[in-house]
Amino acid sequence: FAVIATVLTVADQVTKIWVQQNIALYRQEIPVIPGFFSLIHAENTGAAFSFLADFEYRMWVFAAFTVFAVGMLLQMLWQLPNDDRFQTVALGVVFSGAVGNAIGRAASAGRQPFP
């Protein structure tokens with residue numbers, strides 16, 4: 001779990017930084033698999049599909065949800081049998097996504113008002 005969560009969190013942050021530094025915001029596209037998959041620099045101040053993007057207290061809502069989600073993931077991990085590798089890896093993947101999003105929100109808090 002710790003290895004998966006750490007490696008994927010680092011990979012997430014490295015790719016986000018690379019995209020911010022190398023792809024123009026909303027203007028440039030790098031085809032990886034032409035016609036199927038491209039890298040594009042887009043930013044979202046809300047959650048999925050800009051949910052709560054204009055809500056003044058969104059950072060507090062996201063922070064609370066992240067703390068709750070991380071707590072639940074750790075509780076689930078604690079309850080897993082030691083030999084359940086599939087679910088351990090799955091929890092590591094989800095955990096890294098939650099942590100990566102929290103890092104991104106914390107980094108952007110300096111660029112946005114945090115009421």
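Why does Gln13 count as buried? The answer lies in how little of this residue is open to a probe: its relative accessibility is 18%, so Gln13 counts as buried. The word has set limits here, with buried meaning under 20% relative accessible area, exposed over 50% and partly exposed in between, using a 1.4 Å probe and protein chains only.

Before we go further, a word on what you are looking at. This is a predicted model, in which local features need pLDDT of at least 70 and side-chain atom pairs count only at pLDDT 80 or more, while totals for chains, interfaces and linings use all residues. Residues are numbered from 1 along each chain as its sequence is written, and side-chain values use heavy atoms, with hydrogens and water left out.

Now let us step back to the whole chain. Its secondary structure consists of three helices and two strands, and from the N terminus on these elements follow the order α-β-β-α-α. Helices (H or I, at least four residues) and strands (E, at least two) are DSSP runs, numbered from the N terminus. Of the 115 residues in the protein chain, 24% are buried.

With that map in hand, return to Gln13, which sits in helix H1, residues 2–22. Leaving out residues up to four places away in sequence, Gln13 touches Gly100 and Ile103; contact means heavy atoms within 4.5 Å. Gln13 and Ile103 are 90 residues apart in sequence, yet their C-alpha atoms are 8.3 Å apart in space. The side chain of Gln13 also makes a polar contact of 2.8 Å with the side chain of Asp12. Such a contact is a pair of N or O atoms within 3.5 Å; within protein, one must be able to donate a hydrogen and the other to accept it, and residues adjacent in sequence count only if both atoms are side-chain atoms.

Next, look for the largest nonpolar core, made of seven residues: Ala5, Val70, Leu73, Leu80, Leu91, Phe95 and Ala98. Helix H2 (58–79) and helix H3 (85–109) are the elements that give two or more residues to this core, and H3 gives the most, with three. A nonpolar core is a set of buried Ala, Val, Leu, Ile, Met, Phe, Trp, Tyr and Cys residues joined through side-chain atoms within 4.5 Å.

From the core, Ala98 leads us to one more residue. Beyond residues up to four places away in sequence, Ala98 touches Thr66 and Val70. Thr66 lies in helix H2 and counts as buried because its relative accessibility is 14%. Setting aside neighbours within four places in sequence, Thr66 is in contact with Ala98, Ala102 and Arg105.
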